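Me: Could you zoom in on one part of this model for me, the place where two of the chains meet? Take your time, and carry on into the surroundings once that part is covered.

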Amino acid sequence: MSTVHVTPVRTYLLVFFALMALTFLTVGVAHVNIAHHLPGQVTDAINDAVAMAIAVTKATLVVLFFMHVWHSARLNKIVVWASLFFILILFAFSLADYFSRGWLGVPGK
Amino acid sequence: MASEARPAPLAHHFDDYDQQRESATLGMWLFLAQEVMFFGGLFLAYTVYRWKYPAFFALGSNQLDVPLGLANTIVLIGSSLTMVLAVRAAQLGKARQIAGWIGATMALGTGFLVVKGFEYHHKWVHHLIPGAGFHIEGTTDPAAQTFFVLYFCMTGLHALHMIVGLGLLAFLVPKALRGDFSAENHNWVEGVGLYWHFVDVIWIFLFPLLYLLGRHHA
Amino acid sequence: MTAPATAAPNALPSYLEAAHGPKSWLLTRDHKRIGILYLVAISVFFVLGGLMAVLIRAELATPQGDMFSSDVYNRLFTMHGILMIFFFLIPSIPAVLGNFLLPVMIGAKDLAFPKLNLTSWYLYMIGGLMTFGSLLTGGIDTGWTFYTPMSTTFAQGQVLVTAVGIFVAGFSSILTGLNFIVTIHRMRAPGMTWFRLPLFVWAHYATSIIQILGTPVVAIAILLVGAERLFHIGVFDPKYGGDPLLFQHLFWFYSHPAVYIMILPAMGVMSELVTAFSRKRVFGYHFVAFSSLFIAVIGFLVWGHHMYVSGQSVVAGAIFSFLTMLVAIPSAVKVFNWTATLYKGSISLQTPMLYALGFIGVFLIGGLTGVMLGTLGIDIHVHDTYFIVAHFHYVMVGSAIMGYLGGLHFWWPKITGRMYDEFWSKVGALLIFVGFNTTFFPQFILGYLGMPRRYHMYPAEFQTWNVLSSAGATILGVGYLIPVIYLLWSLKFGAKAPANPWGAKGLEWQTASPPPVENFATPPVVTEEAYAYETSAPAKEVTVGV
C-alpha cells in the first residue's frame, strides 16, 4: 500500500491566507491607475495584466496545494497542462481571426 | 457497516486500492479538463466582446457591487479551505471530522449562492437583465447588453455548478457519518473536493473579470 | 507466448449466458453488454438516418423540387446529418467495438468505471430519444451545423429540444473517452507495455483525447444558442453587438476534431485487419501509434478551414490552410504503413479484409480531396457545393463505416460466439463498395460543375450525374441491408465460433468466444509484441531507414 501524502494543516492555512491577501490586493490594485504611475507611455491594459497575473497566482496556489497537484502523480500534472494548452489553442486561433480582420485591405475580410 | 478492522470494499475489477484511487483521481482530473474547455468557451466569448466593446464592459462592470463580490470571493475560498480539510480528515480516517468539514463547506457554499441571489435580484430591479426590458444609465446602444449577457451566462453556469457541488456534498455527509470512508478508500471525498476547488478556481477568474473593470478610471 | 487462458469447455459461462432478462441488460455493468446495448441503439439511428438519405436521393433524382417543399427538404438533410453524425458515427466504433474490446485487448476485467459506462449509454439514449422526439414533431431545418442567426432567430421547429438532445449525447461521448483513457493508463495487464498495445487501443486513446477536450466546446456553443433562443438575448446577434462567427469558432473547434473521432477508431480497426489478414507484423508500429496522437492534436488546429468564406479574416484563413496540410501527413503515414504491411504478406481475402482494402481505396480519395478543400483558393470555389458533400461522405461513409463494418465482421465471432455466412458477407461488402462509389463519386463532379449543396432543385444539366448518384444509393441501401440479414441469422443459426477463428494475434483471441464475464479465466500476462505473427518464409530483413 503506497502512502498518500498528507499535507499539514499549517500549509493549508498559509495558502488560505496567501489567497486572502491576493484577493484584497487585486481589489486594491483595481482602483489604482497603474499606467499613470509608471514612467513613459504604458498601455492602459497593464491593469488587466496585473489583475490576470494575480488571478493566475491564486489559481496556481489552489491547484498545487488544495488540489494536491504538487504531490500528485505525473499523469495528473500532464492532464492539467494539456487542458491549459488546448484552451490556449482555442483562444489563440480564434483571436487570430478577430485581430487580423481588415489587415489585408480586402473587401469584406 | 464498516468497522475499524475491515477496510472499505475494493471494486471487483481493480487489483488493489492504489489502482482504484489512482484511477478515480485521474478520472476526476480528466473530467475537470473538459470543464476547463466548457467554461473556456464562455471566457473566449468574454474576451472577444470585451475587446470589441471596452467602454460598455467598464460601464456594465461598474453596476456590480464590489464589496458583495469580495465577500463572496472570501466565502468561496474559505469553503475551499474547509473542503481540503475534509479531504485531509478522510486521508486520516477521521469519519466525524469529514462530515463536519463537509458541513462547513456546504454552509459557506450556500452563503455564496444566497449573496448571488441578492445580486441577481438587484439586477432585476435595475433593469439590467438582457432582453427587451434592458436599460442602463449612460447609453442606449443595444451592444451594452453584451456585458450582462456574459455576466449572467458565466455566473449562472458557475452557480449551477455550485448547486451540483452542494448536491454531491450532501450525498457525502451520510456516507461519512456511516463510516464508509477509510484512509485506503475515500475516493468520493477526494473527487468531490477536486470538483469543488475547480469551481473556486473559476470564480477566482470571474471576480476580477466581471467586478473590477474600469475602476481605475473612477 | 502468452499464458494460455484456461479453455476448459464448462469452466465459465460466457457473458451472454451469465444472466438473463431485461434487468440484466438494462442494469448491467459489464462493458461487453453495454457494447451490445450501443450496437442495437446505433443501428436504429442508422436506419432512421438512412431513411432520410433515401428520401433525399429520391428527391434529387429529378431537377424539380417536386417531392418535398424546400422547408421539408431542409429538415430532411438536417436530421440526416444530426442522426448520422451524433447518434451513429461518433459513438459507432468506440461505443460498440471499443467498449467491448478495449478491456479484453489490454487484459483487464472491465473498464475503469463500469457504472459510468452504463451512465454513458443512458445519456446517449436520453439524447437520442429527445432528438427522435424532435424528429417526430417535424425536426429542424438549420443544417446539422446550427449556424446563427438561423438557429437562434429564424428557424422554426424544435431547435431547443434537438440542441439539448445533442448536448446530453455529447456528455455520453465525453464520459466514454474519460473511461477509456483511465482504463488504458491504469488497467493494463502485467507485461502489456505501451508499445505492445494493439494499435486499435492507441487509436482509441487518441480518439478519447478529442472527445474529452473538444466536446465541451460545442456543448457551450449549443447552450448559448439555446439561451439566445429561449431568453431572447443577443449572444451571437449583431443587433446586440454579437458576432455570428463566434458561434462558428466554438462550433467548429469541436466539429473538426469530431471528424477525427469518427475516423481514428476506423484506422485502429484497419491496423488490426491488415495485420491479421496478411499474417504479418504491422510496418512501422511506432509511426502508426504516434500518428494517431498527432492527428488528435493537429486536428485541433485546423477548424477555420470550415470558415474560409464565412467572414473569417484572410490571414487566419491562410494559417488554417497551412495547418490543414500538416494534418494530412500522419493520415498518409498510416496508409503507407498499411500498404507496406500488405506487401509480401500472406493475404487472405475474407470479408473483413475486403472492407479493409476498400477502406484504403476510398480513404485515399476522401483524404486527398480533403487536402484539396483545405487549400484556400480551391475551397472558395467549391465551398457549399456537392464537392464538399462528396468529400465528407468519402471519409465518413466510405472510410469510417467500412472500418466499422470490417471490425464488426472481424470481431462478430468473438462478440456473439457465432460465425456468419462468408458468401453473403462478401456479396454485401461488394455491393457496399460499388454502391458507395456510384453514389458519391458523381457528386465530386457535380460539385466541381457548381451544384450547390442543401438545395432540392437544380439546373437540368446536372440530372444525369444525380440520377447516377441516386442509383448508387439504391445499390448501397441494398448493400447495407444484406449484413443486417445474415448477421441476425447467424445469431440463431450460425456455426459456433472457436476462440480464434482467424488465427489472429491479440489477447481477445486468447479467450473464449464469447468471453466469460470478467474476460479471462486467469488474468493474462503478456510476453510478446503486438502482431507477433511468424511468417512461413524466412523474413528478408528490409530496413527502410526506420
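Reply: Here's a walk through that meeting place, followed by a tour of what lies around it.

First, the ground rules. This is a predicted model, where local features need pLDDT of at least 70 and side-chain atom pairs count only at pLDDT 80 or more, while totals for chains, interfaces and linings use all residues. Residues are numbered from 1 along each chain as its sequence is written, chains are lettered from A and ligands numbered from 1 in the order in which they are written, and side-chain values use heavy atoms, with hydrogens and water left out.

Now the part itself, chain A against chain B. Each chain puts 49 residues into the contact (contact being heavy atoms within 4.5 Å). About 4,400 Å² is buried between chain A and chain B, with carbon and sulfur atoms giving 79% of that; buried area here is the accessible area, with a 1.4 Å probe, that two parts lose on being put together, summed over both. On the polar side, one salt bridge turns up across the interface of chain A and chain B, the rule being a side-chain nitrogen of Lys or Arg within 4 Å of a carboxyl oxygen of Asp or Glu. B:R50 and A:D48 form a salt bridge, with their closest N and O atoms 2.5 Å apart. Seven residue pairs are in polar contact between chain A and chain B, both partners being at pLDDT 80 or more. A polar contact is a pair of N or O atoms within 3.5 Å; within protein, one must be able to donate a hydrogen and the other to accept it, and residues adjacent in sequence count only if both atoms are side-chain atoms.

Which elements of chain A give two or more residues to the side that touches chain B? They are α1 (9–30), α3 (46–66) and α4 (74–99), and α4(A) supplies the largest share of that side, 13 residues. Helices are DSSP runs (H or I, at least four residues), strands likewise (E, at least two), numbered from the N terminus.

In chain A, the loop between α3 and α4 holds A:H68. A:H68 isn't a glycine, yet its phi is positive, about 65°. A:H68 counts as buried because its relative accessible area is 12%, the cut-offs being under 20% for buried, over 50% for exposed and partly exposed in between (1.4 Å probe, protein chains only).

Chain B, the partner, has six helices and zero strands, so to speak a plain α-α-α-α-α-α run from the N terminus on. Its C-alpha atoms fill a box of roughly 70 × 30 × 30 Å along the principal axes. Of the 218 residues in chain B, 61% are buried. Among the contacts in chain B between residues at least 6 apart in sequence, 79% join residues at least 24 apart. Chain B exposes about 8,000 Å², and 67% of that comes from carbon and sulfur atoms.

Chain A also meets chain C. There the contact takes 17 residues from chain A and 25 residues from chain C, and about 1,800 Å² is buried, 74% of it on carbon and sulfur atoms. One salt bridge crosses the interface of chain A and chain C, where the side chains of C:D243 and A:R101 meet at 3.6 Å, N to O. Five residue pairs there are in polar contact, both at pLDDT 80 or more.

Next, some local details inside chain C. C:T78 lies in helix α3 (residues 70–106) of chain C, and counts as buried because its relative accessibility is 0%. The side chain of C:T78 reaches the backbone oxygen of C:N74 at 2.6 Å. Leaving out residues up to four places away in sequence, C:T78 touches C:I140, C:D141, C:T142, C:G143 and C:W144.

The loop between α4 and α5 of chain C holds C:F146, a residue other than glycine with a positive phi, near 55°. With a relative accessible area of 3%, C:F146 is buried. C:P149 is found in the loop between α4 (114–136) and α5 (150–154) of chain C, and the peptide bond from C:T148 to C:P149 is cis, with omega near -5°. Another cis peptide bond runs from C:S513 to C:P514, with omega near -10°; C:P514 is in the segment after α15 of chain C.

As for α15 (residues 463–493) of chain C, C:I485 lies in that helix and counts as exposed because its relative accessibility is 55%. C:I485 joins C:L481, C:V484, C:L488 and C:L491 in a nonpolar surface patch of about 480 Å².

Notes. Patch = residues over 30% accessible without salt bridge, like charges linked within 9 Å, V, L, I, M, F, W, Y side chains within 5 Å. Areas by Shrake-Rupley, 256 points an atom, 1.4 Å probe, with all protein chains shown as cover.
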